[in-house]
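This report looks at backbone turns, one helix and the charged pairs. The structure comes first, and the notes follow.

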Amino acid sequence: MAGTSFSSQQLDVICTALYQAKDGDQLVHLFRDMDSQVFCSEWTSQPVRIAYIYALYHSGNYDRLFEVIGRSRFDERYYKELQEIWYKARYKENESKRGKELGAVEKYRLRRKYPPPRSIWDGQETIYSFKENSRKYLKQFYKQNQYPTLDQKKEISRATDLEIVQISNWFKNRRQRDKTRLECAHYNRPQMMQLQTLAYSNLPLNMNINMPYSCKSE
């Protein structure tokens, strides 16, 4: 199946279908004879580039994959899936070199060492599914109003791209943390330990207790 036998529109459709099906074998076969042409002017659509990147991942050509992602530009709607491919390729490359599967800590270190390039990342660190700018906006709003109305939550949603339920949960959790800090401020550490011990001594032995919040600041 030679790439030159298709028009650019046909290639877009084929690449989109094969990529959505995650048919790596067919994509590798498709691009085998057109590797040198795939980024010429007639083959530069994003569906083709993304399918090509997946073919590189499937075939284990990680160096070429990193090169293509780094020098290309993509719409923001593709960032998440391309970041997943980027990280998976980093994991596979490292596992191949070390000859063993990576653990969670090792994967975390690789993510910190090899963040995605700006071609597929807006540069904002995501913490607990909240981007840095969103967290700043929420904190600033919280200083003015700890109990936003539904209309205000909709306003926050438009400004941060967060769902209403995410916003509601963030404010609820933040109020609980602040309440816990205020309660902690009334007692010194020995008193807190004594109160906790007294409270737990009256609970069944088989009951698991998880303290939801600590006295530490955020």
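## Two loops, one helix and the salt bridges

Lys 22 sits in the loop that links α1 (8-20) to α2 (24-31). The model is predicted. Phi of Lys 22 is near 55°, a positive value in a residue other than glycine. The residue is partly exposed, at a relative accessible area of 42%.

Asp 161 also has a positive phi, about 65°, although it is not a glycine. Its place is the loop between α8 (150-160) and α9 (164-185). Asp 161 is exposed, with a relative accessible area of 71%.

**Helix α1**

Helix α1 has 13 residues. At 1.5 Å a residue they should span 18 Å. The end C-alpha atoms are 18 Å apart, which agrees with that expectation. The buried residues of α1 are Leu 11, Cys 15, Leu 18 and Tyr 19. Seen down the helix axis, they fall within an arc of 95°, so they line one face of α1. What covers them? The cover includes α2, α3 (46-59) and α5 (79-98). On the other side of α1, Gln 9, Val 13 and Gln 20 are exposed. Just after α1 comes the positive phi of Lys 22, about 55°.

**Salt bridges**

Side chains of opposite charge can pair when their charged atoms come close. How many salt bridges does a search of the whole structure find? It finds 6. The table lists three of them, including their N to O distances.

| Pair | N to O distance |
|---|---|
| Arg 64 and Glu 67 | 3.5 Å |
| Asp 75 and Arg 77 | 3.4 Å |
| Asp 178 and Arg 174 | 3.5 Å |

Take the pair in α4 (residues 62-71). Arg 64 and Glu 67 both lie in this helix. They are 3 residues apart, about one turn of the helix. Is Arg 64 buried or exposed? Arg 64 is buried, because its relative accessible area of 17% is under the 20% limit. Glu 67, its salt-bridge partner, is partly exposed at 41% relative accessible area.

Next comes the pair of Asp 75 and Arg 77, whose side chains meet at 3.4 Å, N to O. Asp 75 counts as partly exposed, at 32% relative accessibility. Arg 77 is exposed, because its relative accessible area of 61% is over the 50% limit.

The pair in the table's last row lies in α9. Asp 178 and Arg 174 are 4 residues apart in this helix, so about one helical turn separates them. Arg 174 is buried, with a relative accessible area of 15%. Elsewhere, salt bridges that share partners join Arg 64, Glu 67 and Arg 71 into one network.

**In brief**

Two residues other than glycine have a positive phi here: Lys 22, near 55°, and Asp 161, about 65°. Lys 22 is partly exposed, whereas Asp 161 is exposed. Helix α1 turns one face, lined by its buried residues, to a cover that includes α2, α3 and α5. Among the arginines in the salt bridges, Arg 64 is buried at 17% and Arg 174 is buried at 15%, whereas Arg 77 is exposed at 61%.

Notes:
Residues numbered from 1 in each chain as written. Predicted model: local features only at pLDDT ≥ 70, side-chain atom pairs only at ≥ 80, totals over all residues. Heavy atoms only, no water. Buried < 20%, exposed > 50% of the residue type's maximum accessible area, 1.4 Å probe, protein only. Expected span 1.5 Å × (residues − 1). Arc of directions from axis to C-beta. Contact = heavy atoms within 4.5 Å. Salt bridge = Lys/Arg side-chain N within 4 Å of Asp/Glu carboxyl O.
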